[in-house]
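The exercises below are meant to be worked through with the sequence and the structure in view. Try each task before reading its solution.

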Amino acid sequence: MDLHLKNLFDRFQEQFGTGPGLGPGSGTCLMNVEGIAPNFIKSMFKAAAALYRTDPWKRLCPAHLFGVRVGKDTDWSGKKQPFACVQFIGGDGGDIGFHLFRTQNDAKRMTGSRETIQVPNVELLRVTYERDSVMFPSNRKMIKSLSLEVSGNDRFPVVDVARCTSSGTLRFRNATLEELRFVYAFMKAIALVHPLLQVDKEGGPKWSRLMCYEPFIETVDVQWPQEMSNGYDLVAVTISHPPGQAYEEKPSSTATSRSSTPTKYAEPSKEETFLDLRVYSNGSLRQCAACEKEIHSDQTLCCGRCRAVIYCSSVCQKQHLKETHKTMCGLYKAMMEREEELAMNIFMFPSAADHPCKWLESLGIHQKGMWRRKCSCYSHCPFGLLPVKGGLWDSWGGLDDEEFPRDSSFHHHMSSPILLSGWSEYYNLRSLPLSSPVADILSHALTVYYILTTLNISSKNLLLKGKEVIVHYIGPEGELDWMPAFAEVGHLLNGLGNIQIVMVGPEVPSNLSGTTSGIGSRVRVNLIRGVYQEEATYLPSPHAIVALNCGLEDYTSWGGALNSIKSMGVPAFFTDQSEISCNDAKQVLRSAGLHITHPVTPNPFRSPVKHQGTSSNLPCYSNGFVLGVNT
């Protein structure tokens, strides 16, 4: 009897839901949408399945509202966005899916503590993942005839638009073609960015069970399928939490923010005053952001609001504020408030290298081994041609034996690449003490490994199948003297797959160009002197392209290389040292016709050593942030 009742209850839940939602399906069918094409429906189901796989309901519930903008207002009928706010339902019971509201106010009015409130004359679009067993025959017939992709094991998306009448009944209709285009763009974008949400441990009432997240805003480019393009291949989609988030000011200038790279930011109000904040530091030289005059650190001023920009005098500060800084101050402040998050406090060696020589001296590795590329003392020696004295111990600057990775395999029972999430895991795997500074040099090699095994799915799958992955590595410099560090990539492959790294750049010495080095049994490095756009056609076709600490804004020669990357359509990943550099890189990439498909995120294998910019205090780390195109 108990089993019989349980089956009945489960059946009731499947058909009518429990908790947030609007109940059973309405019988709408995408085949009945005017002007729709079968390929359009297939693309919708693929996007819905991809979103389902990321399982946003694991962390999100109806109280977590998101703002969404797709393209420009003029792209839509009525010259305004069809929907402004989205919530996920099903995380705490009820229908599994999401609701799109015309306004944020509509979303708040319909969101109850345990149920969806039916508010008269409020219209919403809902996407519900229904089990095949409870779907209407028309939808089952469509799924079978078009061979549509399943979400999970047995669910398929059902799309309708609901309106509650003044009498309390619900009326449903099919979504329009335009509304479905909006839904498609949202599903593609939110699948990329919702994993970037960071928990706000101090947010919300302590008695509440609701998990709170840091303010968040990110823009990604979504590629329209051919049948949806309307003459445009891509569209920029901005997701924010809470809705309308630009950047929420915090009362303390030292507060920490874990929000993702802000795409929009609040301008300082006219009433705000910008105080002269004198910086007392070491005696290193800095540069005024306004007049570019060199000054000692103990004589500098900086903006009292964002603390990011350096000036030589209050005259320059006020002039710069009026001309440029006023529009950027909010963004800089947001970036400065990430300083504590970006700092890797697990390490026990000094993490600031304002004076590289002094930092190296404090560790006893100045002018030794591979560390010679970490200061300017050997700048006279071409990259790749540092004199090599002896073995691995000399390469790591005479560190104690337990302080650097040995040239040996990992003792794992299964032959499969070892997937790593950050430095703590790697140091533990290699039994390295956290006082060892080797992460500063290993950052380049392990960033490449992280990209190939975590960010780029196609290369990861090839390695798991034991095949070779070819990487084009653009613009190597100091890395040319760090080949022993790249041997670690081969060890992490753990007996499965091979990687061929083709390093191309003008800094490759002529006498090394065309040579191939076997860095262990599973990694080969080919060196090619020249600019990428001229050499790319002669190189083996890559599975991925990487450019570390790329400085896209700083070098005009990047134009031709980016054109080559665009024409090849191969996944390409770029790192840079600060968020503002990545912000500039996004503009350069978009100007070249490339669109960011992996948003700017902190690189877990960034160097833990903070560097000092010449005219700003923004957090700056080698390989600090990563972004990608064609992914």
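**Exercise 1.** In this predicted model, decide whether Asn623 is buried or exposed, and then describe its backbone and its place in the chain.

*Solution.* Begin with the relative accessibility of Asn623, which is 0%. Since buried means under 20% relative accessible area, Asn623 counts as buried. Next, look at the backbone, where phi of Asn623 is near 55°, a positive value in a residue other than glycine. Most residues other than glycine have a negative phi. Finally, locate Asn623 in the loop between strand E20 (596-602) and strand E21 (625-629).

**Exercise 2.** Describe the phi of Arg307 and the peptide bond from His241 to Pro242, and say where Arg307 and Pro242 lie.

*Solution.* Take Arg307 to begin with: this residue is not a glycine, yet its phi is positive, at about 60°. Arg307 sits in the loop between strand E12 (301-303) and strand E13 (310-311). Then turn to the peptide bond from His241 to Pro242, which is cis, with omega near 0°. Most peptide bonds are trans. Pro242 belongs to the loop between strand E8 (234-241) and strand E9 (276-278).

**Exercise 3.** Work out how helices H2 and H5 are oriented towards each other, and which residues bring them into contact.

*Solution.* Start from the geometry: H2 (residues 38-54) and H5 (residues 177-193) pack at an angle of about 30°, and their axes are 9 Å apart. Angles under 35 degrees count as roughly parallel, and H2 and H5 are therefore roughly parallel to each other. The crossing in which H2 passes H5 is left-handed. Now list the contacts: residues of H2 including Phe40, Met44 and Leu51 meet residues of H5, among them Leu180, Tyr184 and Met187. Sorted by class, this contact of H2 with H5 has 12 nonpolar, two polar and two charged residues.

**Exercise 4.** Examine the loop between H8 and H9 by way of His366 and Tyr378.

*Solution.* Both residues are placed in the loop between helix H8 (356-363) and helix H9 (392-395). His366 has a relative accessible area of 18% and is therefore buried, and, leaving aside neighbours within four places in sequence, it is in contact with Cys357, Leu360, Glu361, Cys375 and Cys377. With the same neighbours left aside, Tyr378 is in contact with Gln367, Arg372, Arg373 and Leu386. As a last step, consider Tyr378 and Gln367, which are 11 residues apart in sequence and 7.9 Å apart in space, C-alpha to C-alpha.

Conventions. Residues numbered from 1 in each chain as written. Predicted model: local features only at pLDDT ≥ 70, side-chain atom pairs only at ≥ 80, totals over all residues. Heavy atoms only, no water. Axes fitted to C-alpha atoms, helices over the stretch in contact; angles between N-to-C directions. Helix = DSSP H or I, 4+ residues; strand = E, 2+ residues; numbered from the N terminus. Parallel < 35°, antiparallel > 145°, perpendicular 65-115°, else oblique. Left-handed = near helix turned anticlockwise from the far one by under 90°. Contact = heavy atoms within 4.5 Å. Nonpolar A, V, L, I, M, F, W, Y, C, P; charged D, E, K, R; others polar. Buried < 20%, exposed > 50% of the residue type's maximum accessible area, 1.4 Å probe, protein only.
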